[in-house]
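Here are some short exercises to work through with the model open in your viewer. Try each one yourself before you read the solution.

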Amino acid sequence: MYGVFDMAPGGTAVKAEPHSDIPTRPKRPVDLVHLAKQCLGDEALELEVLRLFDTTLKDYFGRLKLASSFDDLSLVLHSIKGAAGGVGAWAVADLAKVMEHEIRSGRPLTHERIEDLGLAVEDVRSFIGRMVANEAV
């Protein structure tokens, strides 16, 4: 079978992506494969890292809400981005990266943007809470 082709702008033929009605599995708030690699497959260490990250994330997000200077905002966002990337909390890391870029470009950090990050933070913290609770069973 040759596949289905569409015409791209300029008359170039490109292969069309097949459409699927199969629902895809939603991504987890923490990339557990990445975390396992970071912890060399040690499950106890993974849980300890998640516990520490949960505390760190709560602390730094609290600091973000109180930050008033550019330097404070930049440092806190950079810290959140790095910590989230280390454990594979990609949504938090990506949003902190975008926010960091925005303030460095001179755009103000709005209350709505902080709330957006807060939603991602709560999603990750809830996921970590479930992971730790399952471990205790």
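**Exercise 1.** Find which residues Gly41 touches, not counting residues up to four places away in sequence.

*Solution.* Start with the cut-off: contact means heavy atoms within 4.5 Å. With that, Gly41 touches Ala36 and Glu46. Next, place the residue: Gly41 sits in the loop between helix H1 (32-38) and helix H2 (43-66). Helices here are DSSP runs (H or I, at least four residues), strands are E runs of at least two, and both are numbered from the N terminus. Last, check exposure: Gly41 has a relative accessible area of 47%, so it counts as partly exposed. The classes are buried under 20%, exposed over 50% and partly exposed in between, with a 1.4 Å probe and protein chains only.

A quick note on what you're looking at: this is a predicted model, where local features need pLDDT of at least 70, side-chain atom pairs count only at pLDDT 80 or more, and totals for chains, interfaces and linings use all residues. Residues are numbered from 1 along each chain as its sequence is written, and side-chain values use heavy atoms, with hydrogens and water left out.

**Exercise 2.** Decide whether Asp54 is buried or exposed, and find its contacts beyond four places in sequence.

*Solution.* First locate Asp54: it's in helix H2. Its relative accessible area is 17%, so Asp54 is buried. Leaving aside neighbours within four places, Asp54 is in contact with Arg125 and Ile128.

**Exercise 3.** Work out how H2 and H3 (residues 70-87) are oriented, given the angle at which their axes cross.

*Solution.* Fit lines to the C-alpha atoms over the stretch in contact, and take angles from 0 to 180 degrees between N-to-C directions. The two axes come within 10 Å and cross at roughly 160°. That makes H2 roughly antiparallel to H3 (angles over 145 degrees). Now list who meets whom: the H2 side includes Val49, Phe53 and Leu57, and the H3 side includes Leu73, Val76 and Ile80.

**Exercise 4.** Check whether the end-to-end distance of helix H4 (residues 90-104) agrees or disagrees with its expected span.

*Solution.* The expected span is 1.5 Å times one less than the number of residues. For the 15 residues of H4 that gives 21 Å, and the end C-alpha atoms are 21 Å apart, so the two agree. Buried residues in H4 include Val92, Leu95, Met99 and Ile103. Just after the helix, H4 is followed by Gly106, with a positive phi near 95°.

Key: Parallel < 35°, antiparallel > 145°, perpendicular 65-115°, else oblique.
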